[in-house]
Amino acid sequence: ISAFIFSFYNIKMNTERAPTWMGLEQYRRILFDPDLSPIFYKSLRNNFQFAIMVVPVQTGLALLLAVMLNVKIKGIAFFRIFYFMPVVFPMSLVAVIWKLIYSRDELGIANSILKIISFGLIEPIDWLGDARIALISIAILSVWAGVGFQMVIILAGLQEIPTELYEAASLDKAGKFRQFLHITVPGLRNTLVFVVIITTIFSLR
């Protein structure tokens, strides 16, 4: 709310000058000024493209990981912690890791893998400097960094589904896929809605 109120004022940071009222002038400039509006609309388009890429992929991957980890076997806690670890990494560490992965030269991890699987036929790619793939590269980073958070939420939802439903489905000779489609997904409806909403908010932010 404060940010919305401040948008009607001209505020000079690090000065003692009082804010001056501008009304809708800043909105007019950002929406219609030929020097500013193209940049704003391009940024807005990039923001929505980023969300469209991240939300379904991150939600689907989180659901897959949660289903895979919703088993009672020895050592499963290790894998749950392993997949959740990127969520608690500080962003500075994430930036360093992915800078090494996306390094534009042949020493970059991503380029090294491409060189190996293509037998040297694919030239090193500038993952963050090429405008055609930079947004996709950042989306992949975002999915990796955040999927553990959604996975934990979905995993909690999975554990709330009564096991009797799966036992009854097994007696009716329903396969794993049909159990997933007719028991797991409906049982996670509210959880998945929450995950999609929170992931969308994070992506647009």
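Is lysine 173 buried or exposed? Lysine 173 counts as exposed, at 77% relative accessibility; buried means under 20% relative accessible area, exposed over 50% and partly exposed in between, with a 1.4 Å probe and protein chains only.

**Before you start**

This is a predicted model, in which local features need pLDDT of at least 70 and side-chain atom pairs count only at pLDDT 80 or more, while totals for chains, interfaces and linings use all residues. Residues are numbered from 1 along each chain as its sequence is written, and side-chain values use heavy atoms, with hydrogens and water left out.

**Stop 1: two loop residues**

Stay on lysine 173, in the loop between α8 (163-171) and α9 (176-187). Helices here are DSSP runs (H or I, at least four residues), numbered from the N terminus. Lysine 173 is not a glycine, yet its phi is positive, about 65°. Most residues other than glycine have a negative phi.

Now select phenylalanine 119, in the loop between α6 and α7. Its phi is also positive, near 55°, in a residue other than glycine. The side chain is worth displaying: phenylalanine 119 is exposed, at 76% relative accessibility.

**Stop 2: helix α5**

Select residues 91-101, which form α5, and colour Val94, Trp98 and Ile101, which are buried. Why do they lie on the same side of α5? They cover an arc of only 45° around the axis, taken from the directions from the helix axis to the C-beta atoms. The other side of α5 carries the exposed residues Ser92, Lys99 and Leu100.

Add α6 (109-117) and α7 (134-158) to the view; the buried residues of α5 pack against both. Contact means heavy atoms within 4.5 Å.

**Stop 3: along α7**

Leucine 141 lies in α7. Leaving aside neighbours within four places in sequence, leucine 141 is in contact with Val94, Trp98 and Tyr102. Draw a distance from its C-alpha atom to that of valine 54: the two are 87 residues apart along the chain and separated by 9.7 Å.

Serine 137 is also placed in α7. Its relative accessible area is 2%, so serine 137 is buried. Not counting residues up to four places away in sequence, serine 137 touches Tyr102, Trp127 and Leu128.

**Stop 4: the nonpolar cores**

In soluble globular proteins, nonpolar side chains tend to be buried together. A nonpolar core is a set of buried Ala, Val, Leu, Ile, Met, Phe, Trp, Tyr and Cys residues joined through side-chain atoms within 4.5 Å.

The largest core has 19 residues; select Ala62, Ala66, Met151, Ile154, Leu158, Ile161 and Leu188, those with the most contacts inside it. Helices α3 (37-69), α7 and α10 (189-204) each supply at least two residues of this core. Which helix gives the most to this core? It is α7, with 6 residues.

Zoom in on isoleucine 161. Beyond its neighbours within four places in sequence, isoleucine 161 is in contact with Tyr166, Ile183, Thr184, Gly187 and Leu188. Another core, of 7 residues, lies apart from the largest one, and Ile101, Ala110, Leu114 and Trp127 are among its members.

**Stop 5: α3 against α10**

Two packed helices are described by the angle between their axes and the distance between the axes. Show α3 and α10: they pack at an angle of about 145°, with their axes 9 Å apart. Axes are lines fitted to C-alpha atoms, for helices over the stretch in contact, and angles run from 0 to 180 degrees between N-to-C directions.

On the α3 side, select Asn47, Phe48, Phe50, Ala51, Val54, Val55, Gln58 and Thr59; on the α10 side, Leu192, Val195, Val196, Thr199, Thr200, Ser203 and Leu204. By class, the contact has 9 nonpolar, 6 polar and no charged residues. Here Ala, Val, Leu, Ile, Met, Phe, Trp, Tyr, Cys and Pro count as nonpolar, Asp, Glu, Lys and Arg as charged, and the others, Gly among them, as polar.

**Stop 6: two lysines in helices**

Lysine 115 is in α6 and is partly exposed, with a relative accessible area of 40%. Not counting residues up to four places away in sequence, lysine 115 touches Glu106 and Gly120.

Finish at lysine 42, in α3, which is partly exposed at 49% relative accessibility. From lysine 42 to tyrosine 83 the distance is 34 Å, C-alpha to C-alpha, over 41 residues of sequence.
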